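Q: Please start at the surface of this structure and then take a close look at one helix, what covers it and what ties its surroundings together. Plain wording is fine, and I would like the reasoning spelled out.

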Amino acid sequence: MQKVIVGIVTFNPNIEVLKRNISTLLNENARLIISDNNSTNIEEIKSTIPDTVDLIENDSNKGIAVALNQIMKFSKQNQYTWVATFDQDTIVPPNYLEVALGESYTDKTAMIAPVIYDFNRKVVDKTSLVGAKSDDKLISIRKCITSGALTNTEIWHAVGGFREDLFIDGVDFEFCNRIIKNGFEIYQNINLKIEHSIGHGKVFYLGPIALDLHNHNAFRKYYIVRNKLYCDFLINNNINIGTIFSVGKIIILIILFEQDKKNKISASLKGIKDGIQLIRIEKKKD
C-alpha cells in the first residue's frame with residue numbers, strides 16, 4: 001500500500017461516531033490527524049483520541065477549507081502520498097484504505113472517490129450516481145466531495161490547495177475543477193463505499209416527484225447560496241441558468257417545506273447579495 005494518512009475535520013462532533021471511526025481506521029494501522037474548528041466539546045475529543053492521533057486545535061471556526069489545508073500541509077511535510085479525508089458525520093467501513101488503494105491508478109490521479117450513501121435520505125448521493133450504476137471498477141469523474149476521498153498531496157500542492165475564502169460549501173467542487181483544468185484526473189472506485197449525512201436531509205414526495213430536502217440551517221444556507229453563484233463564476237466565467245434555477249429552488253423549498261423560514265430566507269438573500277459582490281470583485285481582477 002502506498003503511504004497514506006487519514007485526516008478528520010471536526011466541529012462539535014458526535015463523540016460516539018468519532019470514536020467508532022477512529023477505531024476502524026486504527027485497525028488499518030493508519031496514522032490519524034484531526035483538525036478541530038473550535039468545538040465546544042474539545043475536551044471530550046481530547047479524552048477520546050489516543051495519544052498517537054495528532055490534533056490541530058483552531059481557536060475559532062476557520063471553515064472546512066482551512067482545516068483541509070492544515071491536514072494536507074501536515075501530510076505533505078511528513079511525506080505522505082495520499083490523504084484520506086472524512087467529515088465528522090461520515091461512517092467509515094472496515095478495510096477502507098485497503099480497498100481504496102487496492103486498484104492501479106495513473107500518475108495523474110489527484111483524487112479517489114467513493115460511492116456515497118446518504119443515510120438520512122436513504123439514497124445514493126447524486127455525486128455518486130455515475131459509479132453506482134456502472135459495472136466498471138474505476139470511473140473517471142469530474143467532481144466529488146472530500147469526505148471519503150483520497151487526495152494526492154503533490155497534486156493538491158500543484159493546483160494551489162483548497163480556496164479558504166469559500167469557507168465551507170463549494171470548496172470541494174471548486175478544487176475538483178482546478179484538478180481537471182490542470183490535466184489531472186479523479187476516479188470513483190465503485191468498491192469503495194461510505195455512509196454519509198448531507199445536512200439533515202430527507203426525500204419528500206410531491207405526487208410522483210421526489211424532492212431532496214437537505215434542511216441545512218440558516219448559517220449553511222448563506223454559504224450554499226453565496227458559493228453556488230461565486231463558484232459557478234469561478235468555474236465557468238459566468239453564471240449559467242442552471243445555477244440561477246438551483247438558487248431559486250432552494251428558496252422555494254424553504255418557503256414550502258422547511259422550518260425557521262425567516263432566518264433561512266434572510267440568509268439566502270444575503271448569500272445572493274454577497275455572491276454577486278464577490279463576482280464583481282473577481283471581474284475587476286481581469
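**From the surface to a covered helix**

A: In this predicted model, Ile252, Ile255 and Leu256 make up a nonpolar patch on the surface, and their accessible area together is about 290 Å². Leu256 belongs to helix H9, which covers residues 241–257. Leu256 counts as exposed because its relative accessible area is 55%, and the cut-off for exposed is over 50%. As a general tendency, nonpolar side chains in soluble globular proteins are buried together.

The helix for the close look is H7, residues 171–181. H7 is mostly covered, with eight of its 11 residues buried. The buried ones are Val171, Asp172, Glu174, Phe175, Cys176, Asn177, Arg178 and Ile179. Both nonpolar and charged residues appear in that list, Phe175 and Arg178 among them.

What lies over these residues? The cover includes helix H3 (64–77), helix H6 (153–158) and helix H8 (218–236). Strands take part as well: S6 (109–118), S9 (150–152) and S10 (185–196) are included in the cover. After H7 comes Gly183, which has a positive phi, near 85°.

Two residues of H7 also appear in the nonpolar interior. The largest nonpolar core has 43 residues, and Phe175 and Ile179 are among those with the most contacts inside it, along with Met111, Cys144, Phe162 and Ile186. Another core lies apart from this one; it has 30 residues, including Leu18, Phe86, Ile112 and Ile116.

Phe162 shows how the parts come together. Leaving out residues up to four places away in sequence, Phe162 touches Val171, Phe175 and Arg178, and its other contacts are Ala65, Leu68, Asn69, Met72, Thr146 and Trp156.

Next come the charged pairs. Side chains of opposite charge can pair when their charged atoms come close. The model has 13 salt bridges. One of them joins Lys76 and Glu154, with their closest N and O atoms 3.8 Å apart. This pair links distant parts of the chain, since Lys76 is in helix H3 and Glu154 is in helix H6, 78 residues apart. H3 and H6 are both part of the cover of H7. Lys76 is partly exposed, at 27% relative accessibility, and Glu154 is partly exposed too, at 47%.

A second salt bridge joins Arg220 and Asp169, whose closest N and O atoms are 2.7 Å apart. Arg220 sits in helix H8 and Asp169 in the loop between H6 and H7, so this pair ties together parts 51 residues apart in sequence. How do the two partners differ in burial? Arg220 counts as partly exposed because its relative accessibility is 22%, while Asp169 is buried because its value is 14%; the cut-off for buried is under 20%.

A third example stays within one helix. Lys270 and Asp274 form a salt bridge with the closest N and O atoms 2.8 Å apart. Both lie in helix H10 (residues 261–285), four residues apart, which is about one turn of the helix. Lys270 is partly exposed, with a relative accessible area of 46%. Elsewhere, salt bridges that share partners join Glu43, Lys46 and Glu57 into one network.

Two loops complete the picture. Most residues other than glycine have a negative phi. Asn95 departs from this, with a positive phi of about 60°. Asn95 is in the loop between strand S5 (90–91) and helix H4 (96–100), and it counts as partly exposed because its relative accessibility is 42%. Asn38 also has a positive phi, near 65°. Asn38 lies in the loop between strand S2 (31–36) and helix H2 (42–48), and its 39% relative accessibility makes it partly exposed.

Asn95 has a contact with Glu28, a residue in the loop between helix H1 (15–26) and S2. Glu28 touches Asn95, Tyr96, Leu97 and Glu98, with residues up to four places away in sequence left out. Although Glu28 and Tyr96 are 68 residues apart along the chain, their C-alpha atoms are separated by 8.3 Å. A polar atom of the Glu28 side chain lies 3.0 Å from the backbone nitrogen of Glu98. Glu28 is buried, with a relative accessible area of 17%.

Definitions and conventions
Residues numbered from 1 in each chain as written. Predicted model: local features only at pLDDT ≥ 70, side-chain atom pairs only at ≥ 80, totals over all residues. Heavy atoms only, no water. Patch = residues over 30% accessible without salt bridge, like charges linked within 9 Å, V, L, I, M, F, W, Y side chains within 5 Å. Areas by Shrake-Rupley, 256 points an atom, 1.4 Å probe, with all protein chains shown as cover. Salt bridge = Lys/Arg side-chain N within 4 Å of Asp/Glu carboxyl O. Buried < 20%, exposed > 50% of the residue type's maximum accessible area, 1.4 Å probe, protein only. Contact = heavy atoms within 4.5 Å. Core = buried A, V, L, I, M, F, W, Y, C linked by side-chain atoms within 4.5 Å. Polar contact = N/O pair within 3.5 Å; in protein donor to acceptor, adjacent residues only side chain to side chain.
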